[in-house]
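Q: Got a fold I'd like to go through with you. Can we start with the sheet?
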Amino acid sequence: IERRAFLAQMVQDDVLSVFGIMTKEIRVGRVTSADSNCAVNTLALDVSASAGSSYSVTYALNTTTGIVERQTGGNTFYISSSDVVFNSLVFCISNSGLDNQPTRVTILANVSNRIGQPMTMKVQATLTPRDITDELLN
């Protein structure tokens, strides 16, 4: 039982790390991906940086390796560890157009451990970006 609890903690720690990185940039960014019906596995953002500048970021699942990737500035970074495999990563995007509603992003993930006794977790998070500039202009 103790070993299974350790494996569950390992999966949970990795998922929380990945979700933490993504949610931070979603909250301070502007979603550039169109509305989806929970059918997209990439998320594109323009993230505000200091002094009024911004940078583009795309999150995607590498389905070959099961690792979540963060792409920015022509570079790809792995943000999940090799100890777990993301079996699926889906983004549900709503209200991304000019409709007087805040954009809402739901992240759905199915994650398993790569070592030890097999264990799978389903995790989700829903959040809205803080940038409502486009909504106020409508």
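A: Sure. This is a predicted model. It has an open sheet of 5 strands with antiparallel pairing.

Q: What order do the strands come in?
A: The order is β1-β2-β3-β4-β5.

Q: Which strands stand at the edges?
A: β1 (29-31) and β5 (75-78). Each has a single partner strand, so one side of each is left without a neighbour in the sheet.

Q: And the twist, what does it average?
A: 30° from one strand to the next.

Q: How many bridges hold β2 and β3?
A: They pair over 7 bridges, in the antiparallel sense. β2 covers residues 42-48 and β3 covers residues 54-62.

Q: What stands opposite S48?
A: S54, in β3.

Q: Where does helix α1 lie?
A: Helix α1, residues 2-28, lies across β1, β2, β3 and β4 (67-72). It runs at about 55° to β2.

Q: Switching to cysteines. How many disulfides does a search of the whole structure find?
A: The search finds 1. C38 and C92 form it, with sulfur atoms 1.9 Å apart.

Q: What does that pair tie together?
A: Parts that are 54 residues apart in sequence, because C38 lies in the loop between β1 and β2 while C92 lies in strand β6 (residues 84-94).

Q: Is the link left-handed or right-handed?
A: Right-handed, with 120° about the S-S bond.

Q: Is C92 buried or exposed?
A: C92 is buried, at a relative accessible area of 9%. The cut-off for buried is under 20%.

Q: And what about C38?
A: C38 is partly exposed, with a relative accessible area of 39%.

How values were computed. Residues are numbered from 1 along each chain as its sequence is written. This is a predicted model: local features need pLDDT of at least 70, side-chain atom pairs count only at pLDDT 80 or more; totals for chains, interfaces and linings use all residues. Side-chain values use heavy atoms; hydrogens and water are left out. Two strands pair if DSSP finds at least two bridges between them. Helices (H or I, at least four residues) and strands (E, at least two) are DSSP runs, numbered from the N terminus. Axes are lines fitted to C-alpha atoms, for helices over the stretch in contact, and angles run from 0 to 180 degrees between N-to-C directions. Contact means heavy atoms within 4.5 Å. A disulfide is a pair of cysteine sulfur atoms within 2.5 Å. Buried means under 20% relative accessible area, exposed over 50%, partly exposed in between (1.4 Å probe, protein chains only).
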